[in-house]
Amino acid sequence: MSPTETAAQRHPQTGTYTPLRELSAVLTGAIVSPDDPDWDGARQGWALAVDQRPAAVALPESAEDIVAIVDFAREHGLRVAPQGTGHNAHPLEEQLGNSILLKTSRMRAAQIDVQNRRARVEAGALWMDVTVPAGEHGLAAMAGSSPDVGVVGYTLGGGLSWLSRRHGLAANSVRAIEVVTSDGAHIRADRDHHPDLFWALRGGGGSFAVVTAIEIELLPIAQVYAGAMFWPQDRAHEVFEAWRQWTQREQPDEIISVARVLNVPPFPEVPEFLRGRSFVVVEAVYLGEDSEGAELIAPLRALGPEIDTFSTVPAPALSHLHMDPDHPVAGKGDSVVLREMPAELVNEFVAAATGPAGSALLSAEIRQLGGAIARPGPEQGARGSIDAPYIMFAVGAAPTEALRAVVKAHVAGVKRAISRWGAGYEYLNFVERPVNSRELYRDDYTYRRLQAIKAKYDPADIIQSNHPIRPAG
């Protein structure tokens with residue numbers, strides 16, 4: 001007997017779950033159960049390699065719907081797993097059997113307050129729902145590198161943006177978060193109301209309550225100097241070493257960059273001059289005049305890239321700079337936060353990422369951190385900074401079980417090659433496997449404080465996240 005049948009017995013004539021039908025009747029949105037014809041589509045997240053099998057899927061359309069769903073779950077011995085897009089659903093894959101997967105994809109409204117430079121964003125909104133309308137008013141948000149990543153999940157995990165070396169992590173741009181707690185209360189958390197919960201949500205992940213909306217600060221940035229340079233991948237060591245030395249010179253916080261090895265898939269939608277080829281790539285963004293940006297990247301341009309796309313672009317265009325897919329894919333990736341990057345690390349990384357099994361990876365990158373990303377502040381939340389100069393992320397396509405195993409092994413090989421330079425903790429948004437959540441924080445104090453706040457707002461551990469914080473006690 002399934003968990004859903006335990007909590008909500010099948011109707012003897014219809015075969016449907018009677019209590020779930022009763023819940024559905026009070027929602028504006030929908031409930032999908034395993035015997036519904038659209039079950040497989042409803043339970044699928046953005047990460048197609050993840051086989052999510054919850055007790056039921058809820059598709060709320062309002063905060064009132066979410067209150068009803070949380071109340072139902074609590075009363076029937078079920079848990080609630082909120083999910084915006086499911087980009088990082090891998091850690092949840094085996095944990096949903098007794099849970100309602102609460103997908104907020106029908107809640108995508110975004111209101112731009114131009115005068116106060118703020119956006120109020122519903123729980124299911126994607127970054128493209130914010131960056132495009134904000135950009136029409138010369139404003140920019142602390143968005144990630146992909147246009148279809150969910151605003152809420154990304155921000156609760158910290159949020160590394162192209163703007164972060166100058167303006168810090170995205171979690172620091174949050175001004176208020178509206179949530180439903182495990183007792184069904186719909187509350188607003190900010191610096192003056194429920195400040196402990198407000199602290200936990202900004203970087204502590206989604207374990208504490210179900211977010212219904214988030215209010216974020218916007219920045220007066222209309223355009224930036226940005227682009228990418230491509231070289232044949234057989235020059236990977238030369239380019240990575242030059243980039244390493246370049247990042248370790250004194251640089252303004254206004255510039256941020258990524259170096260990566262990239263194996264472009266031979267898909268028809270890929271431009272012909274890139275299709276099926278392998279490159280080493282440097283991407284960068286400068287928040288300033290194009291002449292200043294061009295001067296800053298001149299040492300890299302002197303390496304003679306085959307392709308050079310740098311120009312002044314509207315801020316919303318940054319969502320496409322990293323060339324992340326804007327549709328669901330079957331992929332598998334992992335990361336290492338790096339405490340340093342000596343020349344030896346470049347040797348090991350390039351050898352592992354471009355070796356005989358290199359074609360198993362779509363991308364293996366090292367992102368430049370530092371600047372405001374590394375600076376803690378008293379007003380920040382649980383993850384307000386990353387005190388490390390670099391972070392590595394490697395990912396490959398995994399449309400089948402066999403390829404998933406190959407990609408997993410090769411990603412693990414890249415991690416092993418550079419693990420001795422690891423910082424000793426991880427960055428929540430880049431961890432695509434189950435881990436002890438203690439490993440996500442540098443100190444025991446932060447983790448114990450998160451556990452205490454979890455115990456206060458969700459003592460029965462009803463709210464479930466991909467990297468859970470268990471209640472203290």
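**Close-up views of a predicted model**

**View 1. Ala141 and its neighbours.** Setting aside residues within four places in sequence, Ala141 touches Trp127, Val130, Ser161, Leu163, Ile216 and Leu218 (a contact means heavy atoms within 4.5 Å). This is a predicted model, so to speak of local features a pLDDT of at least 70 is needed, side-chain atom pairs count only at pLDDT 80 or more, and totals for chains, interfaces and linings use all residues. Residues are numbered from 1 along each chain as its sequence is written, and side-chain values use heavy atoms, with hydrogens and water left out. Ala141 sits in the loop between helix H5 (128-135) and helix H6 (151-156); helices (H or I, at least four residues) and strands (E, at least two) are DSSP runs, numbered from the N terminus. Is Ala141 buried or exposed? Ala141 has a relative accessible area of 7%, so it's buried (buried is under 20%, exposed over 50%, partly exposed in between, with a 1.4 Å probe and protein chains only). Thr131 comes ten residues away from Ala141 along the chain, and the two C-alpha atoms are 6.1 Å apart.

**View 2. Strand E9 and its two partners.** Strand E9 covers residues 210-217, and because seven of its eight residues are buried, it is largely enclosed by the rest of the structure. E9 pairs with strand E6 (residues 118-122) in the antiparallel sense, over five bridges (two strands pair if DSSP finds at least two bridges between them). To find your way along that pairing, look for Ala119, which stands opposite Ile216 of E9. Another marker is Val121, which faces Ile214 in E9. Ile216 is also one of the residues that Ala141 contacts, so to speak a link back to the previous view. Strand E7 (residues 174-180) pairs with E9 too: the two run antiparallel and are joined by six bridges. Here Ala176 has Glu215 of E9 as its bridge partner.

**View 3. The E5 and E6 hairpin.** Strand E5 (residues 110-113) runs antiparallel to E6, with four bridges holding the pairing. Ile112 has Ala119 of E6 as its bridge partner. Ala119 also stands opposite Ile216 in E9, which makes Ala119 a handy place to start when you trace these strands. The hairpin has four residues between E5 and E6, and Arg117 takes a positive phi near 50 degrees there.

**View 4. Two more residues with positive phi.** Most residues other than glycine have a negative phi. Met323 goes the other way, with a positive phi near 60 degrees. Where does Met323 sit? Look in the loop between strand E14 (311-314) and strand E15 (331-338). Met323 has a relative accessible area of 36%, so it counts as partly exposed. Asp461 also has a positive phi, near 60 degrees, and belongs to the segment after H13. Asp461 has 14% relative accessibility, so it counts as buried.

**View 5. Lys456 on helix H13.** Lys456 is part of helix H13, which spans residues 444-457. With a relative accessible area of 55%, Lys456 is exposed. Which residue 259 places away along the chain has its C-alpha atom 9.2 Å from that of Lys456? That's Leu197.

**View 6. Stepping back to the whole chain.** The protein chain has 13 helices and 17 strands. Its C-alpha atoms fill a box of roughly 70 × 50 × 40 Å along the principal axes. The radius of gyration is 22 Å, which agrees with the value near 23 Å for a compact globule of 473 residues (taken over C-alpha atoms, with the globule rule being 2.2 Å times the number of residues to the power 0.38). Of the 473 residues, 59% are buried. Now take the contacts between residues at least 6 apart in sequence: 72% of them join residues at least 24 apart.
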